[in-house]
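Reader: I have a new structure open and would like to learn how to read it. Could you take me through it one feature at a time?

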Amino acid sequence: LYTLSNETTRTGLPMTRALYLDYPSQSEAYNHDSEYLLGSNVLVAPVTTPGPVASTSVWFPPGTWTDFFTGATFTGPATKTLNVPLNRMPVFVKAGGIVPLQAATSKAQDSGTAPLTFRAYPGASGSYSLYSDAGTGLGYQKGQSTTTTVTYRERNKRESSVTIALTTGAYPGSPTTRDFTVQFANRTKPTNVVLNGAAVPASQWTYDAATRMVTVTVPRANLSSTQTITVRGSNVVTGVTEPP
């Protein structure tokens, strides 16, 4: 959200975007005015009908979209009717999308040093540019900020990688090291995990069969160097359906 706020400041693009901003040639993008894009890779379709399990119609733009909460996949352009319980809302990530996640902090200035998770979604390669600054003051207007580019690459059906590039820029108090967690969504269990060409110990990565998520911990990464995390022997899981 902080990165999107910076993008809005620089470009004027809103954080929440009408579908036709990114898909102007798709006629259905003009007909679903309750849906919106959060950035360019996250689709949100708020439920506007009552009930403990509400039925809602969702239009998916071209491409493959994965449900953030269930892992179900949808291929657009298409309209689907979903039954949504009270404990979640329809949020979907585009193939190749990278979503940064972080535990809530009480102050914006604390988020720049807190551990970060990057969750990569399969189906295409993609990239994401993370923005950070001091979280207070006006130093960002003088260029006091950092940018970290994260890329996701599917090398073949059984090998994918996430690369966290070196952080560029600086601001007062900007960290030199940081704890990262990288997650690969909708995958089978890998045979091995590699960090910068070296095998990652089994204690530093896990696989959750229920959520089909590979989670790799990268403790105390030096921000002046590049970190590449690769999962091998792990297939992308396709055709996941919504839970009953």
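**Reading the fold, step by step**

Author: Happy to. Let's begin with one pair of residues: Tyr36 stands opposite Val44 in S3. Keep in mind that this is a predicted model.

Reader: Which strands does that pair belong to, and how many bridges join S2 to S3?

Author: The general idea comes first: strands of a sheet pair through backbone hydrogen bonds, either parallel or antiparallel. Here, strand S2 (residues 36-38) and strand S3 (residues 42-44) run antiparallel and are joined by three bridges.

Reader: In what order do the six strands of the open sheet come?

Author: Read across the sheet, the order is S1-S2-S3-S6-S4-S5, with antiparallel pairing. Strand S1 (16-17) and strand S5 (73-85) are at the edges with a single partner strand each, so one side of each has no neighbour in the sheet.

Reader: Okay, that's one sheet. How many helices and strands does the protein have?

Author: Two helices and 18 strands make up its secondary structure.

Reader: And what about overall size? What radius of gyration does the protein have?

Author: The trick is to compare with a rule for globules. For 244 residues, a compact globule would have a radius of gyration near 18 Å, and the protein's 19 Å agrees with that. Its C-alpha trace spans about 45 × 45 × 35 Å along the principal axes. As for the surface, about 12,100 Å² is accessible, and 53% of that belongs to carbon and sulfur atoms.

Reader: What share of the residues counts as buried?

Author: The cut-off to know is that buried means under 20% relative accessible area. By that test, 43% of the 244 residues are buried. You can also ask how far along the chain contacts reach: among those between residues at least 6 apart in sequence, 63% join residues at least 24 apart.

Reader: Which residues touch the most other members in the largest nonpolar core?

Author: That core has 23 residues, and the ones touching the most other members are Phe118, Val162, Ile164, Phe180, Phe184, Val216 and Ile229. Several strands supply at least two residues each, including strand S8 (116-120), strand S13 (177-184) and strand S17 (213-222). S17 gives the most, with four residues. Apart from this core lies another of 15 residues, among them Ala29, Leu37, Phe60 and Val84.

Reader: Let me zoom in on one member. What is Ile164 in contact with, leaving aside its neighbours within four places in sequence?

Author: Its contacts are Phe118, Thr148, Thr149, Val150, Phe180, Val182, Ser225, Thr226, Gln227 and Ile229.

Reader: Why is S13 said to be largely enclosed by the rest of the structure?

Author: Count its buried residues: six of the eight in S13 are buried, so the rest of the structure largely encloses this strand. Its pairings are worth a look too. S8 and S13 run parallel, joined by five bridges, and Thr117 has Thr181 in S13 as its bridge partner. S13 and S17 pair in the antiparallel sense over seven bridges, where Phe184 has Val214 in S17 as its bridge partner.

Reader: Now the rings. How many aromatic pairs does the structure hold?

Author: Eight. To read one, check the distance between ring centres and the angle between planes. Tyr20 and Tyr30 are stacked, at 5.2 Å centre to centre and 5° between the planes. Tyr20 lies in helix H2 (residues 19-22) and Tyr30 in the loop between H2 and S2, so this pair ties together parts that are 10 residues apart in sequence. Tyr20 is partly exposed at 39% relative accessibility, and Tyr30 is partly exposed with 45%.

Reader: Why is the Phe74 and Phe92 pair called edge-to-face?

Author: Their ring centres are 5.7 Å apart and the planes are at 90°, so the pair is edge-to-face. Phe74 is in strand S5 and Phe92 in strand S6 (residues 91-94), 18 residues apart. Both are buried. Ring pairs also link Phe60, Phe74 and Phe92 into a cluster.

Reader: One last residue: is Ser145 buried or exposed?

Author: Buried, with a relative accessible area of 16%. Ser145 is in strand S10, and its C-alpha atom is separated by 5.8 Å from that of Gly169, 24 residues away along the chain. Beyond its close sequence neighbours, Ser145 has contacts that include Tyr131, Asp133, Thr168 and Tyr171.

Notes
Residues are numbered from 1 along each chain as its sequence is written. This is a predicted model: local features need pLDDT of at least 70, side-chain atom pairs count only at pLDDT 80 or more; totals for chains, interfaces and linings use all residues. Side-chain values use heavy atoms; hydrogens and water are left out. Two strands pair if DSSP finds at least two bridges between them. A nonpolar core is a set of buried Ala, Val, Leu, Ile, Met, Phe, Trp, Tyr and Cys residues joined through side-chain atoms within 4.5 Å. Buried means under 20% relative accessible area, exposed over 50%, partly exposed in between (1.4 Å probe, protein chains only). Contact means heavy atoms within 4.5 Å. Rings of Phe, Tyr and Trp (its six-membered ring) pair if their centres lie within 6.5 Å; planes under 30 degrees apart count as stacked, over 60 as edge-to-face and the rest as tilted. The radius of gyration is taken over C-alpha atoms; the globule rule is 2.2 Å times the number of residues to the power 0.38. Accessible areas come from the Shrake-Rupley method with a 1.4 Å probe; for residues, only the protein chains shown count as cover.
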